[in-house]
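Student: I should like a close look at a single part of this model, with its surroundings described in one connected account.

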Amino acid sequence: MKTLSSEHLEAVLSDGRVPVAHRALFSLLRDREVSLSDALALDAGDVDLTAGAVHVQEPVKRGPERAPLSERSAALLREHLGGRAQGPLFAGADGRALSRSAAARWSAEAAGASVHDWRYSGFAESPAGGDSL
């Protein structure tokens with residue numbers, strides 16, 4: 001797994017040509033509080049923009065059931081949701097929850113990287129040095 005540079009992360013997250021749903025997912029993963037599986041299982045109603053958090057119904061691994069959002073993730077999720085309060089947070093063209101393979105395609109197309117690189121690059125940038133998971 002490679003570590004994406006801060007510059008590369010910022011460029012993708014700021015690029016208006018990249019769909020907001022993609023940038024919202026990438027930013028959520030970069031926040032390091034939610035795994036890919038947990039992010040893909042979220043419903044729109046799990047997002048609490050007032051509290052700046054998402055509620056993970058059944059975390060895949062031991063992790064927070066209520067995960068804080070960065071300001072950037074909150075802003076991107078607000079734009080992505082557009083007031084929608086139900087249905088999968090991240091959906092495919094068929095309206096069902098986005099698959100892992102579709103999320104991987106989003107990341108490969110937008111960033112030229114694995115979707116997992118977003119989360120692990122966030123660990124590498126953490127103040128603790130990022131080598132422990």
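Tutor: The model is a predicted one, and a suitable part to examine is helix α4, which spans residues 71-81. Within α4, the buried residues are S73, A74, L76, L77, H80 and L81. A general point helps in reading such a list: an α-helix has 3.6 residues a turn, so residues three or four places apart point the same way. The cover over the buried residues of α4 includes helix α2 together with the strands β1 (47-48) and β2 (53-55). After α4 comes G82, which has a positive phi, near 55°.

Helix α2, one of the elements covering α4, comprises residues 20-30 and contains R30. R30 counts as buried because its relative accessibility is 15%, and buried means under 20%. The R30 side chain also makes a polar contact, at 2.9 Å, with the side chain of E10.

Helix α2 has a further connection, through an aromatic ring. A search of the whole structure finds 1 aromatic pair. This pair is formed by F26 and W118, and it is stacked, with 4.6 Å centre to centre and 5° between the planes. It links distant parts of the chain, since F26 lies in helix α2 and W118 in helix α6 (residues 116-125), 92 residues apart. F26 counts as buried because its relative accessibility is 0%. W118 is likewise buried, with a relative accessible area of 0%.

Helix α2 thus appears in the cover of α4, and through F26 it takes part in the aromatic pair with W118 of α6.

Definitions and conventions:
Residues numbered from 1 in each chain as written. Predicted model: local features only at pLDDT ≥ 70, side-chain atom pairs only at ≥ 80, totals over all residues. Heavy atoms only, no water. Helix = DSSP H or I, 4+ residues; strand = E, 2+ residues; numbered from the N terminus. Buried < 20%, exposed > 50% of the residue type's maximum accessible area, 1.4 Å probe, protein only. Polar contact = N/O pair within 3.5 Å; in protein donor to acceptor, adjacent residues only side chain to side chain. Contact = heavy atoms within 4.5 Å. Phe/Tyr/Trp six-rings, centres within 6.5 Å; stacked < 30°, edge-to-face > 60°.
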